[in-house]
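Here are my notes from going through this one, as numbered points. Keep the viewer open while you read.

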Amino acid sequence: MGLALTNLEGFRNFVNDILIYVPNQTLALSTMLIKDLCWVATHHNAKDKALSAEHSQGVRLVSCDGNPVQCSSGNQLSVDLALDEVESASAIFLSAFWGSPNAALQESQPLLDWLCRAHEKGVPIAGTSNGPFFMAEAGLLDGKVATVYPPVADVFQRQYPAVNVLPERAITDAGNLY
């Protein structure tokens, strides 16, 4: 994940509107690792620019409806916003989930149009592990390269034949889609 942060052009300029989409059956480790890494980056950015501490608090968790999300481990994870409450984003991360990609996609339908609108505005979007399923389902990866957690690469490729899947890669760059 640290590599992904260094590859996001201009990441050091992101101050306080990094969003992490948290699907149902999220892997809390995935979600919180992204949040902590982004928090560290924004904290250092704020410190380097002599900004107040509140500028490093702009890493927020978002779900479709703003309600807590059920984690795969059985606990719930609170979120900060619903998708329809988001006013802007400098970067979007898509957290990993456990279980059927089709179930995750079905439960995350409002996310798909939202991702397309964000991508049209030039917002970088990064999916971790199986998070690229959301970008592919939205049609954002058609004709582009992507990587996905290797154990689900065959399912991903069958479901999205227009995507050039490279599961051996740790990260891919498909024009602001990581």
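1. Start with strand E1 and its neighbour E6 (residues 91-94): the two run parallel and are joined by 4 bridges. If you want a landmark in that pairing, take Ile-20, whose bridge partner in E6 is Phe-93. Bear in mind throughout that this is a predicted model.

2. E1 has another partner, strand E2 (residues 59-63), again in the parallel sense and over 4 bridges. Ile-20 is handy here too, since Leu-61 is its bridge partner in E2.

3. What about the two faces of E1, covered or open? In a regular strand, side chains alternate between the two faces of the sheet. Here both faces are covered: Ile-18 and Ile-20 on one side are buried, and so are Leu-19 and Tyr-21 on the other.

4. Just ahead of E1 comes Asp-17, in the loop between helix H1 (2-7) and strand E1 (18-21). This is the residue I'd look at with some care. Asp-17 is buried but has no salt bridge. Which side chain of opposite charge is nearest to Asp-17? That would be Arg-60, at 5.7 Å, and because a salt bridge needs the two charged groups within 4 Å, the pair doesn't qualify.

5. So what does the side chain of Asp-17 make polar contacts with? One partner is the side chain of Ser-88, at 3.0 Å. Another is the side chain of Ser-90, at 2.3 Å. Leaving aside residues up to four places away in sequence, Asp-17 touches Gly-58, Arg-60, Ser-88, Ala-89, Ser-90 and Ala-91.

6. Next, Thr-42, which sits in helix H2 (residues 28-48). Is Thr-42 buried or exposed? Its relative accessible area is 2%, so Thr-42 counts as buried. A polar atom of the Thr-42 side chain lies 3.1 Å from the backbone oxygen of Trp-39. To relate this helix residue to something further along the chain, try Val-59: it is 17 residues away in sequence, and the two C-alpha atoms are separated by 8.2 Å.

7. Now for a couple of backbone angles. Most residues other than glycine have a negative phi. Ser-129 has a positive one, near 60°. You'll find Ser-129 in the loop between strand E7 (125-127) and helix H5 (132-137). With a relative accessible area of 33%, Ser-129 is partly exposed.

8. Asn-176 is another non-glycine residue with a positive phi, in this case near 75°. Asn-176 belongs to the segment after strand E9 (164-165). Its relative accessible area is 25%, so Asn-176 is classed as partly exposed.

9. Last, the aromatics. How many aromatic pairs does the structure hold? The count is 6. Take Phe-156 and Tyr-160: their ring centres are 5.2 Å apart and their planes meet at 55°, so this pair is tilted. Both Phe-156 and Tyr-160 are buried.

10. Phe-156 and Tyr-160 are also members of one aromatic cluster, together with Tyr-21, Phe-97, Phe-133 and Phe-134. That brings us back to E1: Tyr-21 is one of the buried residues on the side of the strand that also holds Leu-19. If you colour one group of side chains, I'd pick this cluster, along with Asp-17 and its two serine contacts, Ser-88 and Ser-90.

Terms used
Residues are numbered from 1 along each chain as its sequence is written. This is a predicted model: local features need pLDDT of at least 70, side-chain atom pairs count only at pLDDT 80 or more; totals for chains, interfaces and linings use all residues. Side-chain values use heavy atoms; hydrogens and water are left out. Buried means under 20% relative accessible area, exposed over 50%, partly exposed in between (1.4 Å probe, protein chains only). Lys and Arg count as positive and Asp and Glu as negative; His and the chain ends are not counted. A polar contact is a pair of N or O atoms within 3.5 Å; within protein, one must be able to donate a hydrogen and the other to accept it, and residues adjacent in sequence count only if both atoms are side-chain atoms. Contact means heavy atoms within 4.5 Å. Two strands pair if DSSP finds at least two bridges between them. Rings of Phe, Tyr and Trp (its six-membered ring) pair if their centres lie within 6.5 Å; planes under 30 degrees apart count as stacked, over 60 as edge-to-face and the rest as tilted.
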